[in-house]
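Student: Before we look at the coordinates together, could you show me how to read strands, a nonpolar core and a pocket, with the criteria spelled out?

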Amino acid sequence: MVAPPNFEEGQSTYRPPRFNGQYYGWWRTGMYDFIMAEDSELWDVIYDGLFIPMKTSGEPTVTVPKTRNEYNDADPKPIEKNFREKKIPVCGIGPDEYNRISAYQSTKEI
């Protein structure tokens, strides 16, 4: 894989790679590596889709999303990952790219 011109050595390991509209393959690979190093469960959220806490109710039994006041102690952690999985790529793009993707709800859509 060819690195983009003006690639600076020693980029921060605390920030995602920056996408400037060129060299998407390089950025995609770097972003995948960054996300996996941050939290490998984030990749599951990106690949499988957002986590939505569900409950069963009614007769016949139907699965419906929980309301916020119905969340139990286990629900907030996966919901946090929903927001973290979008934050990382958004932090790795410039303003022009952000304008193109700002309406999307998940990283998979982006």
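Student: In which sense do strand β1 and strand β2 pair, and over how many bridges?

Tutor: Two strands pair if DSSP finds at least two bridges between them, strands being DSSP runs of E with at least two residues and helices runs of H or I with at least four, numbered from the N terminus. Here β1 (residues 54–57) and β2 (residues 62–65) pair in the antiparallel sense over 4 bridges, and Thr-56 has Thr-63 in β2 as its bridge partner. In their hairpin, with 4 residues between the strands, Gly-58 takes a positive phi near 80°. This is a predicted model, in which local features need pLDDT of at least 70 and side-chain atom pairs count only at pLDDT 80 or more, while totals for chains, interfaces and linings use all residues. Residues are numbered from 1 along each chain as its sequence is written, and side-chain values use heavy atoms, with hydrogens and water left out.

Student: Which element gives the most to the largest nonpolar core?

Tutor: A nonpolar core is a set of buried (under 20% relative accessible area, 1.4 Å probe, protein chains only) Ala, Val, Leu, Ile, Met, Phe, Trp, Tyr and Cys residues joined through side-chain atoms within 4.5 Å. The largest one has 11 residues, among them Trp-26, Met-31 and Ile-88, and α1 gives the most, with 5 residues. Leaving aside neighbours within four places in sequence, Ile-88 is in contact (heavy atoms within 4.5 Å) with residues including Met-31, Phe-34 and Leu-42.

Definitions and conventions
Buried < 20%, exposed > 50% of the residue type's maximum accessible area, 1.4 Å probe, protein only.
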